[in-house]
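Reader: I should like to learn how individual features of a model are read, beginning with the pairing of strands. Please take one case at a time.

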Amino acid sequence: MADSSSSADTSQSAKDTPRSLGYRWPAEWEPHASTWVSWPHNRNSWPGAFEPVPEEFARFVRGLAKYEPVNVIAGGAEVMAEATKLVGQVKNVILHDIRTNDAWCRDHGPTFLAGGDRPPALVDWGYNAWGGKYEFDLDDQIPGLIAKLQSRKKFTPGIILEGGAIDGNGCGTILTTEMCLLNPNRNGDMTREEIEGYLRDYLGAKKILWLSGGEIAGDDTDGHIDQLARFVDPTTVVAATCNDPSDENYAPLQANLKQLQAMTDQDGQPLTIVPLPCPPPLFFDNQRLPAGYCNFLIANGVVMVPQFDADTDFDALDVLRDLFPSRDVIGLPSRNLIWGLGSFHCLSQQEPRADLPGRG
């Protein structure tokens, strides 16, 4: 199969973009200043089963805080009170009274940039709750509020893009999907070339790899890459796989796997593709849930992996431990969180150290 990517330079005007000013989007495994999360409070996201969600989320936050600071967005008296009760006394946890519609900080949070000795900066993408599926007025303001809170330079591209739709190796290669970024419910009839121009100008992309095989069952994001494939080092990608031909996930994940196996990085070198097994089908209230292990979070010294009380939990941990020998690879419960149709990666946004090298 041909390499489903593009490396032609189709950038827009480079005036005052992160690319022109020397900023870079670091890989998730590069050193963090902190991780940002938004406290879960929207009961409509976990209908009929919200009660165990805050504690399961708090367990994630407490575990993460052992490795790095965690900035918790918890706006409004009731939300702040619950967050204070469950994690407010935990070392490395900082609470912020900022209101949100929902908890999916990966998607409504900013993309933090690194620029060496340049002023700290972030990208404030537009956000419309995955194509207008839910309310998003408060969530769309989060990047700007963080920029103001931290006195960061803010870049505003003016297009819709969620953090879960992109994954990068820190060297200029970005993974994404046609199903999401080319969906008319984000940016109308914007072309692939136009979108690639934004990825180059605002994230420093040199090469964009597009998957088109399909999304996993139960996903309401229209195919976010962080449910399908993730870089774990500059040349290695883990890919969600299903080995049961009768499962509805089998065909799309096999198609994505074949595409990945034919792809190369920004230097034209083949990628190493490592299969990461999916758990057996998981249902709640007769609805298939998008349970998968690609939704892990990489932080300082640790990889936090969702667990679903399945035998494949151990297989996924073994795969990731082999790939991250210098980090603790920890499995944490996610059966309650996944009813909201996301897990640890969807719920978090890493803030790399601002003094990491910028674009060379």
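Reader: Which residue is the bridge partner of Val37 in β19?

Author: In this predicted model, Val37 is paired in β19 with Ser348. In β3, the bridge partner of Val37 is Val72. Val37 thus has a partner named in β19 and another in β3.

Reader: How many bridges join β2 to β19, and how many join β2 to β3?

Author: Strand β2 is joined to β19 (residues 348-352) by 5 bridges, and these two strands run antiparallel. To β3 (residues 70-73), β2 is joined by 4 bridges, and here the strands run parallel.

Reader: Why is β2 described as largely enclosed by the rest of the structure?

Author: The argument rests on burial, for which the cut-off is under 20% relative accessible area. Of the 7 residues of β2 (residues 32-38), 6 are buried, so the strand is largely enclosed by the rest of the structure.

Reader: How should one read the sides of a helix, with α10 as the case?

Author: The general idea is one of periodicity: an α-helix has 3.6 residues a turn, so residues three or four places apart point the same way. Helix α10 covers residues 250-261, 12 residues in number, and spans 16 Å from its first C-alpha to its last, close to the 16 Å expected at 1.5 Å a residue. Its buried residues are Pro252, Leu253, Asn256, Leu257, Gln259 and Leu260. Viewed down the axis of α10, the buried residues fall within an arc of 165°, so they line one face of the helix. Ala251, Lys258 and Gln261 are exposed and sit on the face turned away from that buried side.

Reader: Which strands do the buried residues of α10 pack against?

Author: They pack against β9 (173-177), β10, β11, β12 (236-241) and β13 (272-277).

Reader: Where does Asp226 lie, and what is its nearest side chain of opposite charge?

Author: Asp226 is in the loop that lies between β10 (207-211) and β11 (229-233). Asp226 is buried yet has no salt bridge; Arg106, the nearest side chain of opposite charge, is 4.9 Å away. A salt bridge would require a side-chain nitrogen of Lys or Arg within 4 Å of a carboxyl oxygen. Leaving aside residues up to four places away in sequence, Asp226 touches Arg106, Gly164, Cys294, Asn295, His345 and Cys346.

Reader: Is Asp322 buried or exposed?

Author: Asp322, which belongs to helix α11 (residues 312-323), is exposed, with a relative accessible area of 65%. Its C-alpha is separated by 34 Å from that of Ser45, a residue 277 residues apart from Asp322 along the chain.

Terms used. Residues numbered from 1 in each chain as written. Predicted model: local features only at pLDDT ≥ 70, side-chain atom pairs only at ≥ 80, totals over all residues. Heavy atoms only, no water. Buried < 20%, exposed > 50% of the residue type's maximum accessible area, 1.4 Å probe, protein only. Lys, Arg positive; Asp, Glu negative; His and termini not counted. Contact = heavy atoms within 4.5 Å. Expected span 1.5 Å × (residues − 1). Arc of directions from axis to C-beta. Pairing = 2+ DSSP bridges.
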